[in-house]
Amino acid sequence: MLQQAQRRCDRCGCSLSQYNTDTLCAACARSRTWENNTPIVPEHVWFDPDVRSALVVWDFGQVSRLIRLRGALRQEDMAQLTGLSQAFLSMLESGGRRLTNIDKIVEFLTGLGVPAALAPLSLPHAPIQTVQEPPVPFAGDADPTLPWTAARMVAALETAVGGSAMDRRRFLTTSGVALTAFVNAWDTAEAEPLRRAAEGSQLTHDLLDSLQHTTDSLRTMDASDGSGTVQSLGDQHLRFLKHLMEETSYDEATGRRLAAIIADTATQTGWFVFDSGRRDHDRDRPLSYLYAALRAAKASHDVRLGAGALSYIAIHGYSSGAPHHAVSAAQRARDKIKNLGTPALEAMLLTRQARGHAKLGERQAALGALGRAAELCAQGRSEHDPHWLYWINEGEIHGQAGSASLDLGDPGSAAASFAKAREALNPTDHRTRGLFLSRAATAHIEQGDLDAGCATAHEVLDLAEKLQSARFDNHVTSMIRQLHPVAHSPYAQDVLERRAAMAAARSGT
């Protein structure tokens with residue numbers, strides 16, 4: 001009988017077992033699986049100034065953390081790329097360990113694919129890469145790399161309130177380069193003095209008081225009724241503020257105060273656009289307001305206002321699939337205000353950072369940020385905390401902790417946190433209460449406590465009849481979706497029928 005021809009591995013040529021039906025040996029099959037699932041560091045990471053600076057000073061803990069955050073990678077991905085254990089990388093990023101062995105440094109840098117031009121030492125086994133300047137993602141006066149003058153602040157406002165979606169796309173990109181560039185420029189750029197000797201009327205403090213009162217009133221209306229009612233009012237207010245910046249006379253102090261009101265109003269209106277859902281099929285439209293707010297905050301010389309804009313950029317990040325942007329924006333804002341004695345502001349930023357960590361699955365980082373936020377909130381507001389941050393309180397911290405727990409797959413902890421939030425929230429802040437209650441209902445349902453989940457859902461629907469917030473509506477829809485698998489339950493049927501009746505009533509009006 002003829003002996004069957006020996007089969008060999010298509011990749012390495014070694015003999016294959018008669019029981020192996022694949023064309024590869026076991027070792028090569030494992031290698032193929034590893035290659036097919038190897039994560040990649042996105043190219044835009046290498047253009048980040050912070051990443052480059054960390055490489056220059058051999059701060060490999062910072063390099064690891066920044067690449068992971070900017071590249072939306074997990075620590076497991078970093079371990080796979082570098083060959084270092086996840087535990088070692090965690091200690092490296094926290095400062096508990098250092099990377100000093102040259103061979104390990106070379107493996108670390110080579111595994112990440114650090115371009116040779118950026119590596120702090122020769123990488124003999126690294127593929128030859130040339131770092132080309134990224135394509136210019138900005139145009140005209142909106143470019144953050146140009147000097148931050150009053151004229152460009154006005155141009156950024158015009159893009160936000162009067163420009164088309166195409167105008168905004170001229171300087172907004174989805175790669176993260178735009179966010180990094182604006183945040184870095186806000187942090188480091190010098191602002192032009194705001195002095196204008198025009199033929200127009202002198203800007204008065206009484207008028208500025210009235211303008212700030214209008215912004216504060218819009219903020220209160222938003223918290224009570226939802227952004228659907230105030231977005232157009234925010235746009236109109238911004239247009240008038242822009243007109244004053246262009247047409248009136250003011251000295252340096254008055255000009256800074258006007259810029260501060262513009263920063264506050266632009267931040268709020270960006271939030272209105274985001275919350276109302278009226279984005280004209282342009283999901284990045286809110287960012288155009290927030291970038292204009294950063295310019296105005298720079299002109300006002302008030303870093304707290306810039307931190308406020310970054311906090312909403314963080315919300316946009318963790319709500320639109322870019323949680324690493326939330327973490328980096330909140331951290332940069334915290335770095336700028338850390339010596340101002342503003343515990344409420346830092347607590348708020350920590351909740352934004354925690355939500356980003358939770359979306360990334362970074363449990364310890366999220367819980368650590370929330371714990372620190374609770375400590376700061378317990379200190380109470382200081383005289384240096386901004387007046388527009390009146391809404392930060394214990395209930396907000398508990399609510400954000402509940403939301404983070406849901407993102408981390410822990411509905412039990414989420415339900416407990418939302419119960420505490422319910423007791424401490426401002427009763428007039430209907431939208432925040434509605435958001436947290438909808439998530440509380442979801443947590444109860446995921447726990448299997450259908451009775452509590454449906455009872456909470458009815459409270460949510462009570463608020464849904466009053467509020468005009470697309471973001472809240474999305475949360476309600478998500479809550480209702482959780483009830484479909486248990487629609488046979490009388491509790492669930494009551495909620496589903498009520499929601500259907502509400503939808504029919506809305507479509508009939």
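Helices here are DSSP runs of at least four residues, numbered from the N terminus. The model is predicted.

**Exercise 1. Find which helices each supply at least two residues of the lining of the largest cavity.**

Step 1. Start with the count: there are 4 cavities of 30 Å³ or more.

Step 2. Take the largest cavity, with a volume of about 80 Å³. Its lining has 13 residues. Closest to the centre are Asp-264, Thr-267, Gln-268, Gly-308 and Trp-388.

Step 3. Turn to the helices. Helix H12 spans 252-276 and helix H14 spans 303-319. Each of these two supplies at least two lining residues.

Step 4. Sort the lining by class. It holds 7 nonpolar, 4 polar and 2 charged residues.

**Exercise 2. Place the salt bridge between Arg-332 and Asp-50 in the chain, and classify both partners by accessibility.**

Step 1. Check the contact. The closest N and O atoms of Arg-332 and Asp-50 are 2.3 Å apart. The cut-off for a salt bridge is 4 Å.

Step 2. Locate the partners. Arg-332 sits in helix H15 (residues 323-337), Asp-50 in helix H2 (residues 49-56). They are 282 residues apart, so the pair links distant parts of the chain.

Step 3. Apply the burial cut-off: buried means under 20% relative accessible area. Arg-332, at 11%, is therefore buried. Asp-50, at 23%, is partly exposed.

Step 4. Widen the view. Asp-50 and Arg-332 join Arg-70 in a network of salt bridges.

**Exercise 3. Work out which helices are tied together by the pair Arg-257 and Asp-209.**

Step 1. The two residues form a salt bridge, with their closest N and O atoms 2.4 Å apart.

Step 2. Arg-257 lies in helix H12, and Asp-209 lies in helix H10 (residues 205-225). The pair therefore ties together parts 48 residues apart in sequence.

Step 3. Classify both. Arg-257 is partly exposed, at 28% relative accessible area. Asp-209 is partly exposed too, at 39%.

Step 4. Connect this to Exercise 1. Helix H12 holds Arg-257, and helix H12 also contributes to the lining of the largest cavity.

**Exercise 4. Is Glu-346 buried or exposed, and what does its salt bridge with Arg-334 tie together?**

Step 1. The side chains of Glu-346 and Arg-334 meet at 3.5 Å, N to O.

Step 2. Glu-346 belongs to helix H16 (residues 343-359) and Arg-334 to helix H15. The parts tied together are 12 residues apart in sequence.

Step 3. Glu-346 has 15% relative accessibility, so it counts as buried. Arg-334, at 21%, is partly exposed.

Step 4. Set the pair in context: the model has 22 salt bridges.

Conventions:
Residues are numbered from 1 along each chain as its sequence is written. This is a predicted model: local features need pLDDT of at least 70, side-chain atom pairs count only at pLDDT 80 or more; totals for chains, interfaces and linings use all residues. Side-chain values use heavy atoms; hydrogens and water are left out. On a 1 Å grid over the protein atoms alone, a cavity is a set of points where a 1.4 Å probe fits but cannot get out, and a pocket is an open set with protein on both sides within 12 Å along at least five of seven lines; lining residues have an atom within 4 Å of a point. Grid points are joined across faces, edges and corners, and a volume is the space filled by probe spheres set on the points. Ala, Val, Leu, Ile, Met, Phe, Trp, Tyr, Cys and Pro count as nonpolar, Asp, Glu, Lys and Arg as charged, and the others, Gly among them, as polar. Buried means under 20% relative accessible area, exposed over 50%, partly exposed in between (1.4 Å probe, protein chains only).
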